[in-house]
Amino acid sequence: MKAVAVDIDGTITDTARKLCPEALKAIRMLESRGIPVILATGNILCYARAASVLIGTSGGIVAENGGVIYADEEVRVLGNIQKALDAYGHLRRLYPVRKVQFSELRVSEVALTREVPEEAIKEALRDFDVEVYDTGFAIHLTDPAVSKGSGLEMVAASMGLDASRIMAIGDSENDIEFLEAAGLKVAVANADPELREVADYVTAAPYGDGVAEAIHKFILKG
Ligand SMILES: O=C(O)COP(=O)(O)O
Ligand SMILES: [Mg+2]
């Protein structure tokens, strides 16, 4: 494997979104051995970029579930936010939905707080051209033309890599396409059942300890 791509929330962080020190150590070890780490998240680019700088990752970044890519120091917006805004307008007439904090910074999708159940939202948006993801942290309305999988492929190409040479690690339903695009697919122990199903390996440890486990098992080998 030539690179490692990790999801942020619920994968290198815990339920309170605190970064796991073991995951940080393992990521730093990869970087020190010349193996770049890519971040892929449903969160906005400035959050992911700050995380990348503070953690010390040198790979590209997939933000807003593939709607935004950061590679070669360039930002690309690939998702059409109008699809999510149309869906959100419809939802607002049915449910007291609320956008997450800093939603004004989102450029390709809409993310909602988790007060209205995902199933009700999916049912209400059956005829809309949006993907609905419940990440355990927010409910995202995303342009189906993009995903963390399409984002990973673009970031990999910009790094001169094929996604088949990348190990991807995630926890949630917005990571299904992400793992599917990668050569080695890892789900952390706390992952959604749908994600475990597509994974080649499910870690014994949850959250960031699972990330460190997979990095040692498959890449650092010890
Ligand atoms: O923003 C979210 O809802 C979850 O983010 P994640 O993709 O980093 O887990
Ligand atoms: Mg996650």
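In the predicted model, strands E1 and E9 (residues 166–170) run parallel and are joined by four bridges. Within this pair, valine 6 stands opposite isoleucine 169 of E9. The two strands belong to an open sheet of eight strands, whose order is E5-E4-E3-E2-E1-E9-E10-E11 and whose pairing is mixed. Strand E5 (74–77) and strand E11 (201–202) form the edges of this sheet; each has a single partner strand, so one side of each has no neighbour in the sheet.

Strand E1 covers residues 3–7 and includes aspartate 7. The UniProt record, an unreviewed entry, places the feature "active site" at Asp7. With a relative accessible area of 3%, aspartate 7 is buried, because the limit for a buried residue is under 20%. Leaving aside residues up to four places away in sequence, aspartate 7 touches Ile12, Ala40, Thr41, Lys148, Ile169, Gly170, Asp171, Asp175 and Phe178. Among these residues is Lys148, and the side chains of aspartate 7 and lysine 148 are joined by a polar contact of 2.8 Å.

Aspartate 7 also takes part in metal coordination. The magnesium ion (ligand 2) is coordinated by Asp7 (OD), Asp9 (O) and Asp171 (OD), at 2.1 Å. The spacing of these donor residues in sequence is D-x1-D-x161-D. Like aspartate 7, which has a relative accessible area of 3%, aspartate 9 is buried, its value being 10%.

Lysine 148 is found in helix H5, which spans residues 148–158. For Lys148 the UniProt record, again an unreviewed entry, gives the feature "binding site". The relative accessible area of lysine 148 is 0%, and the residue is therefore counted as buried. Beyond four places in sequence, lysine 148 touches Asp7, Ala40, Thr41, Gly42, Val62, Asn65, Gly66, Asn174, Asp175 and Phe178. Of the residues in contact with lysine 148, Ala40, Thr41, Asp175 and Phe178 are included; these four are also among the residues touched by aspartate 7.

Ligand 1 is surrounded by Asp7, Ile8, Asp9, Thr41, Gly42, Asn43, Thr135, Phe137, Ala138, His140, Lys148 and Asn174. This set includes Asp7 and Asp9, which are also donors to the magnesium ion (ligand 2). An oxygen atom of ligand 1 is 2.6 Å from an N or O atom in the side chain of histidine 140. For the side chain of asparagine 174, the distance from an N or O atom to an oxygen atom of ligand 1 is 3.0 Å. A polar backbone atom of isoleucine 8 is 3.4 Å from an oxygen atom of ligand 1.

Histidine 140 belongs to strand E8 (residues 139–142), both faces of which are covered. Ile139 and Leu141 lie on one side, His140 and Thr142 on the other, and all are buried. In a regular strand, side chains alternate between the two faces of the sheet.

Strand E8 pairs with two strands described here. Strand E6 (residues 110–112) and E8 are antiparallel and share three bridges, with alanine 111 having histidine 140 as its bridge partner in E8. Strand E7 (residues 131–134) is likewise antiparallel to E8, and four bridges join them. Aspartate 134 has isoleucine 139 as its bridge partner in E8. E7 and E8 form a hairpin with four residues between the strands, and in this hairpin glycine 136 adopts a positive phi near 90 degrees.

Threonine 142 also lies in strand E8, and its relative accessibility of 1% counts as buried. A polar contact of 2.6 Å joins its side chain to that of glutamate 109. Glu109 is one of the residues touched by threonine 142 when residues up to four places away in sequence are not counted; the others are Glu64, Asn65, Val130, Glu131 and Tyr133. Asn65 is also among the residues touched by lysine 148.

Key. Residues are numbered from 1 along each chain as its sequence is written. Chains are lettered from A and ligands numbered from 1 in the order in which they are written. This is a predicted model: local features need pLDDT of at least 70, side-chain atom pairs count only at pLDDT 80 or more; totals for chains, interfaces and linings use all residues. Side-chain values use heavy atoms; hydrogens and water are left out. Donors are N, O and S atoms within 2.8 Å of the metal (3.2 Å for Na, K and Ca); water is not among the atoms, so sites may look incomplete. Buried means under 20% relative accessible area, exposed over 50%, partly exposed in between (1.4 Å probe, protein chains only). UniProt positions are given in the numbering used here, feature names are shortened, and annotations may be inferred rather than shown by experiment. Contact means heavy atoms within 4.5 Å. Two strands pair if DSSP finds at least two bridges between them. A residue is near a molecule or strand if one of its heavy atoms lies within 4 Å of it. A polar contact is a pair of N or O atoms within 3.5 Å; within protein, one must be able to donate a hydrogen and the other to accept it, and residues adjacent in sequence count only if both atoms are side-chain atoms.
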